[in-house]
Amino acid sequence: MATRIELEKPKMAIRARYFQSLGKGLYLFDSVFNGITYIHVREVLNDEIPTKNGISLTMGRCNELFSGLPQLDIAVNETELKQDAYYRRHLGGNWYVSVNSVYRRVSIRKFWLPEGATDVCATRKGVSLTFDQYRELKNGLRTIPSFVPELYGVIPCYSEPGHDMYNCSECSPNENYVEKIGV
Ligand SMILES: [Zn+2]
């Protein structure tokens with residue numbers, strides 16, 4: 001069954017081709033800055049004023065988020081069945097999407113590697129979605145390329161010929177720590 005998306009009309013302060021409420025004041029929308037498209041999950045005041053509370057993803061990272069939806073769904077479903085679940089996916093450049101059944105949220109967040117650490121740690125920069133907001137986001141990610149067609153042409157860095165994971169700023173944003181994208 002096709003899901004119908006009700007697109008809201010942003011007021012003039014946001015020039016988005018796609019603008020969709022995820023509930024509780026969060027919106028999915030696009031912007032273009034210096035010719036580069038970004039996809040935002042962000043709080044917007046009065047359907048008009050974007051706030052600092054939110055994230056903007058490059059098209060490549062948004063594409064990875066989209067590719068991770070099947071695994072995210074599994075972790076969300078397991079959490080709703082009161083099972084332990086954990087899933088984390090590197091979107092590139094230290095941005096991660098994760099689900100943890102303890103927190104019952106889908107988190108899209110910037111991480112960093114503290115000196116001497118063996119794993120990256122979450123920063124405060126990011127959004128935590130309720131599962132209802134996640135389901136709205138999922139519908140939105142499926143629909144947004146019809147309105148932002150350059151999203152159809154995204155080629156992941158690891159699909160480029162001659163891609164060297166260890167010297168790729170998306171795959172290896174930290175020295176001595178590589179977490180493959182696209183798994
Ligand atoms: Zn790469």
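Begin by selecting Glu43, which counts as partly exposed because it has 16 C-beta neighbours inside 10 Å, a number that lies between the 12 or fewer of an exposed residue and the 20 or more of a buried one. Keep in mind throughout the tour that the model is predicted.

With Glu43 still selected, colour residues 36-45, since this stretch is strand E3, where Glu43 is found. Next, show the residues that Glu43 touches, leaving aside those up to four places away in sequence: they are Gly25, Leu26, Thr51, Asn53 and Gly54. If you then add Lys9, you will find a residue that is 34 residues from Glu43 in sequence and 15 Å from Glu43 in space, C-alpha to C-alpha.

Now widen the view to the sheet, which is open and is formed by four strands in the order E1-E2-E3-E4, with antiparallel pairing. Its edge strands, each of which pairs on one side only, are E1 at 19-23 and E4 at 49-58. From one strand to the next, the twist averages 35 degrees.

Select strand E2, residues 26-33, together with E3, and follow the eight bridges over which the two strands pair in the antiparallel sense. Along this pairing, pick out Leu28, which stands opposite Val41 in E3.

Finally, turn to the helices that meet the sheet. Select residues 59-67 to see helix H1, which packs on the sheet and touches E3 and E4, its direction making about 80 degrees with that of E4. Then select residues 131-147, which form helix H3, lying across E1, E2 and E3 and running at about 160 degrees to E1.

Note on methods
Residues numbered from 1 in each chain as written. Predicted model: local features only at pLDDT ≥ 70, side-chain atom pairs only at ≥ 80, totals over all residues. Contact = placed C-beta atoms within 7 Å. Pairing = 2+ DSSP bridges. Axes fitted to C-alpha atoms, helices over the stretch in contact; angles between N-to-C directions.
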